[in-house]
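Work through the exercises below with the sequence and the model side by side. Each task is followed by a solution that goes step by step.

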Amino acid sequence: MDDLMTSHNAGEAPSPKIVTSCWYSALPGIGTKGATDTHKKLGISRGVPRSGVGAGFQLFKILQPGPWFNSVGPDEYRDRYFDEVLAPLDPAEIVRRIEQLAGGKTAVLVCYEKPHDDEFCHRAYVSAWLKDKLGIDVPELGREADGVGWAHPKLPKQHRVLVPA
């Protein structure tokens, strides 16, 4: 698992090389004088915004939700996403592919829902799946302290398990 994450100092937990966010969220350092391009957006939505996302992103369609994504409630969404999209996949292979697409940068799995609105997003289910299957923390960019896995802030409130600090 060490090859999936970047280590910090001894005794500290490894930092994730995968985070989640919105297509329109600014990435760290982008547009800042002297900054380096350290993040790569990987689209896991069913479509791509027509403008405002800049160049340099890639699509990772294997994690996009099914055609039912905007016609079912949160419980059915969760069940179908796990059963139809995630269950057939090998999580270690998915992480390997994500990191390959990111090319050594932090992979940012993006979709449409804004980081601070009350809309849930399937990117949070990816965080829960990777935490359950591989023990990898995949936080929401800019909301790292708000939780990962089943505590991810973009999960529907009824699916979120809050972990005491």
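**Exercise 1. Locate Tyr24 relative to the strands, and state how far it is exposed and which surface patch it belongs to.**

Step one is placement: Tyr24 sits in the loop that connects β1 (18–22) with β2 (39–43), where strands (E, at least two residues) and helices (H or I, at least four) are DSSP runs numbered from the N terminus. The model is a predicted one, in which local features need pLDDT of at least 70 and side-chain atom pairs count only at pLDDT 80 or more, while totals for chains, interfaces and linings use all residues. Residues are numbered from 1 along each chain as its sequence is written, and side-chain values use heavy atoms, with hydrogens and water left out.

Step two is exposure: Tyr24 has a relative accessible area of 46% and is therefore partly exposed, a class that lies between buried (under 20%) and exposed (over 50%), with a 1.4 Å probe and protein chains only as cover. Step three is the patch: Tyr24 joins Val48, Leu59 and Tyr112 in a nonpolar surface patch with about 330 Å² of accessible area together. Areas come from the Shrake-Rupley method with a 1.4 Å probe, and for residues only the protein chains shown count as cover. Patch residues have over 30% relative accessible area and no salt bridge (a side-chain nitrogen of Lys or Arg within 4 Å of a carboxyl oxygen of Asp or Glu); nonpolar side chains (Val, Leu, Ile, Met, Phe, Trp, Tyr) are joined within 5 Å, and like charges within 9 Å.

**Exercise 2. Give the strand order of the sheet, and say which helix packs on it.**

Begin with the order: the 4 strands form an open sheet, β1-β4-β2-β3, with parallel pairing, and two strands count as paired if DSSP finds at least two bridges between them. The edges are β1 and β3 (58–59), each of which pairs on one side only. Next, helix α2 (residues 91–102) packs on the sheet and touches β1, β2, β3 and β4, its direction making about 125 degrees with that of β2. Such angles run from 0 to 180 degrees between N-to-C directions, with axes fitted as lines to C-alpha atoms, for helices over the stretch in contact. Finally, helix α3 (residues 122–134) lies across β1 and β4, at about 140 degrees to β4.

**Exercise 3. Is β1 enclosed or open to the outside, and what surrounds Val19?**

First, count: 5 of the 5 residues of β1 are buried, so the strand is largely enclosed by the rest of the structure. Ile18, Thr20 and Cys22 point one way, and Val19 and Ser21 the other way. Then consider the neighbour strand: 5 bridges join β1 to the parallel strand β4 (residues 106–111), with Ile18 opposite Ala107 and Val19 partnered by Val108. Lastly, Val19 is buried at a relative accessible area of 5%, and, leaving aside neighbours within four places in sequence, its contacts (heavy atoms within 4.5 Å) include Thr106, Leu109, Val138, Pro139 and Leu141.

**Exercise 4. In which helix does His122 lie, and is His122 buried or exposed?**

His122 belongs to helix α3 and is buried, with a relative accessible area of 2%. Beyond neighbours within four places in sequence, His122 is in contact with residues including Ile44, Leu63, Pro65 and Cys111, as well as Tyr77 and Tyr81. Those two tyrosines are among the buried residues of helix α1 (residues 74–86), and α3 is included in what covers the buried residues of α1.
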